[in-house]
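Me: Please take a close look at one helix and its surroundings in this model. Then place that part in the wider chain.

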Amino acid sequence: MDPAPRPNALKSAGHRLSLTRLRRALSGRKKKLQEIQEPNEPNETKPEKEEEEDDDDDDDMSTEGNTVIGLLGGGQLGRMLCEAANPLGIDIAILDDHNAPAKQAHNTNRHVVGSFKDPERIKELATRSDYLSVEIEHVDTEVLEEIEKNGVPVEINGETVTHRPPIHPSWRTLRLIQDKYLQKEHFKASDKNIPIAEQIAIDSGDATLDSLKKAGQQFGFPFMLKARKGSYDGRGNFKVNSEDDYAEAIKALGTLPLYAEKWAPFVKELAVMVIRTEDSDGKLKSCVAYPAVETIHEDSICTKVFMPPREVSEDTCEKARKLATEVISTLWGRGVFAVEMFLLEDGSLMINEVAPRPHNSGHYTIEAVPYMSQYKAQLHAVLDLPVPMKLIPRVQSSIMLNILGGAKPDSHHHLSSLARSTFDDNMDVYLHLYNKESKPSRKIGHITITGFCSIQELEAKAKPFIELVDQIRQDRLKATSETLRPTQETNGSAKPTDTNATKGTSENHVEPQELAAGTTSSDKPLVLVTMGSDSDLPVLKAGLDILKEFNVPYTLDITSAHRTPKYMMKVADEAAGKGIKVIIAAAGGAAHLPGMISSETPLPVIGVPVKATHLDGIDSLLSIVQMPRGVPTATVGINNSTNAALLAIRILGSFVPEYQQAMKKYQIDMEEAVIVKGTKLREGGDAAYLAGMKK
């Protein structure tokens, strides 16, 4: 399948010229017009130096006229892209939270604060950029398409012009990659004979069960049930081992758009990074592959990368590189792409999925391919600068180890210290920390180890590092197990240990439990309780007490709609896939949190307006109530987290009979309590009743 050509509308001056050059051209034209309309008096001259300084006044652009790439997303990938861009004199304008990791690595006044899913902020970024690119594929492709077709207005020297920054990779590629089912259908429909697993789309709603039965009949067992959108790092997947798993699979993923995939009996997971280049008309110029690597995934997260893959022949590695270039040739736009694939039992290869950006499996290239790391390649490709036709590592072998947050905030310190203090004549160790807060399983850094020896010899030399990485994981799993283990009450009923509530009062950011899809533990959180600030926690205490009273397992978090919008959207987007059924969100003041979460999740959201310093909470209440059509957000009274919890339990009771029965008992008890109070008031009179209340 040949890539689609670019629209002719892009062949405009605004598309070809950088904003800096465009400003200067318009400034020069304006000066000439002024000279014609207002000729100088004989004895008057204009100060040339002053004029030259005016010419260089670019507002958003650097005075040296550096090319500016606008980047949607500013996490660790963006940070390493900035580290590659700085010595090349390439400017990166980042759209993300104000203190995002990438912004810490590149100081410029062109950054934009906000969400990379916000259309208005994306347009603002476009006005400051010569090119647009992405750090993450889960962005608003509709606004990118609009920018490509219609441009954005930019005021330059008093004139408004239409600016169309080229977008790489193309919004077409991003939109396709966002839907994993359509992504693979695209590869299958190409003329490249790309091997993918058999797959079928799963119907939604009441038809889901019949679709699952059809998948079971067609593929046999086991087969994979996968979310089409929004999932990453193995999340959003459910292994269906038999018909008995259908109900649990629907419970875990049933609210998401799904597809089923025939089980692939793989022996290893491989990955290949590819540089894709094309001309300004969208015609493919080249696809150049990096070496194939072996990736190790544990707990649905990549933990280790080996280059070259262990016990894999050179012939297979070359086949993997060739297959990866064939896959990427079917897409649109310039940049680096990650192609993940399976090595099957029979020695054949099968494509798993593609990431249209720098990737975890390519971190090793910073040291192993220093003349053209994946980040430098991204810059060169986007800007249409030269790239090599061959990518040959400068070392014989390399191992990349992800540093993941452990059971404690300092769990990784020993690993970092080992990296800083290790020097070896035959092994080099490179430490990369992302300056991110440590949380369990969060990617907070990586270590690359290189050597001029075989991968087996390097693995033996790196054993102390690998053992520490494994130990951090084991400690994290043990701590998670202890956190989730039920404690036995005196009445014999199991109740989850309430460690989350304790964490919420002492930590600035509480991560929801990372639960694998399909777990059947009775203490799996069903309710996510989140707040815009820890100052909202006292208001939520009454509701949390209700959840405890009903033995409803819950998890806590802090997700500010304004200070951590990217994280907030991630939490909302992933909640359903983790088994959460209801979300309670508390916020004061502008109180955007409940509505923003509701816009990012298919789950019911209950907003708790919090009384702030001003306006007695009326502003919070009205903000939550006045949501636009299509984004329903339930709202309770100001500071009334009790009703929020009770409503959440009623929602759970619609499909969990035990909670419905418990709610009926609660209502009966409440009725009896009111009757007792009424009887006491009637019989004793108001004076005695009030005296009793004072006591």
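Reply: In this predicted model, the buried residues of α7 are covered by elements that include β1 (68–72), α6 (119–127), β4 (131–134), β5 (152–156) and α8 (171–178). Helix α7 itself spans residues 141–150, and its buried positions are Thr 141, Val 143, Leu 144, Glu 145, Ile 147 and Glu 148. Two glutamates, Glu 145 and Glu 148, are thus listed as buried alongside Val 143, Leu 144 and Ile 147.

The two ends of the helix can be described separately. At its start, Asp 140 places a side-chain oxygen within 2.9 Å of the backbone nitrogen of Glu 142. After the helix comes Gly 151, with a positive phi near 70°.

The loop that leads from β4 to α7 contains Glu 137. Glu 137 has 9% relative accessibility, and therefore counts as buried; the cut-off for that label is under 20%. The side chain of Glu 137 makes a polar contact with the side chain of Arg 357, at 2.5 Å. Beyond four places in sequence, the contacts of Glu 137 are Leu 174, Ile 177, Gln 178, Ala 355, Pro 356 and Arg 357. Of these, Leu 174, Ile 177 and Gln 178 fall within α8 (171–178), which is also among the elements covering α7.

For the wider setting, the chain has 695 residues, of which 53% are buried. The chain holds 24 helices and 26 strands. When contacts between residues at least 6 apart in sequence are taken, 68% of them join residues at least 24 apart. The accessible surface of the chain is about 31,800 Å², and carbon and sulfur atoms account for 50% of that area.

Further along the chain is an open sheet of four strands, in the order β7-β10-β8-β9 and with antiparallel pairing. Strands β7 (199–202) and β9 (237–240) stand at the edges with a single partner strand each, so each has one side without a neighbour in the sheet. From one strand to the next, the twist averages 25°. Four bridges link β7 to β10 (residues 258–262) in the antiparallel sense, and within that pairing Ala 201 has Tyr 259 of β10 as its bridge partner. Helix α9 (residues 180–189) packs on this sheet and touches β7, β8 (223–227) and β10, with its direction at about 145° to that of β7. Another helix, α11 (residues 246–253), lies across β8, β9 and β10 and runs at about 175° to β9.

A second sheet, also open, has five strands in the order β23-β22-β24-β25-β26, and its pairing is parallel. Its edge strands are β23 and β26 (634–635), each of which pairs on one side only. Although β23 (residues 554–558) is an edge strand, five of its five residues are buried. The cover extends to both faces of β23: Tyr 554, Leu 556 and Ile 558 are buried on one side, and Thr 555 and Asp 557 on the other.

Strand β22 (residues 527–531) runs parallel to β23 and is joined to it by five bridges, with Met 531 opposite Ile 558. Strand β22 also pairs with β24 (residues 582–588), again in the parallel sense and over five bridges; here Val 529 stands opposite Ile 584. Helix α19 (residues 537–549) lies across β22, β23, β24 and β25 (605–610), at about 170° to β22.

That leaves the nonpolar cores. The largest has 36 residues, and the members touching the most other members are Phe 223, Leu 225, Ile 583 and Ile 597. The helix that gives the most to this core is α20 (residues 565–575), with six residues. A second, separate core has 30 residues, including Met 531, Val 582, Ile 584 and Val 636. Ile 583 belongs to the largest core, whereas Val 582 and Ile 584 belong to the second. Setting aside neighbours within four places in sequence, Ile 583 is in contact with Leu 528, Thr 530, Ala 575, Ile 597, Thr 601, Leu 603, Pro 604, Val 605 and Ile 606. In soluble globular proteins, nonpolar side chains tend to be buried together.

Technical notes:
Residues are numbered from 1 along each chain as its sequence is written. This is a predicted model: local features need pLDDT of at least 70, side-chain atom pairs count only at pLDDT 80 or more; totals for chains, interfaces and linings use all residues. Side-chain values use heavy atoms; hydrogens and water are left out. Buried means under 20% relative accessible area, exposed over 50%, partly exposed in between (1.4 Å probe, protein chains only). Contact means heavy atoms within 4.5 Å. A polar contact is a pair of N or O atoms within 3.5 Å; within protein, one must be able to donate a hydrogen and the other to accept it, and residues adjacent in sequence count only if both atoms are side-chain atoms. A nonpolar core is a set of buried Ala, Val, Leu, Ile, Met, Phe, Trp, Tyr and Cys residues joined through side-chain atoms within 4.5 Å. Two strands pair if DSSP finds at least two bridges between them. Axes are lines fitted to C-alpha atoms, for helices over the stretch in contact, and angles run from 0 to 180 degrees between N-to-C directions. Accessible areas come from the Shrake-Rupley method with a 1.4 Å probe; for residues, only the protein chains shown count as cover.
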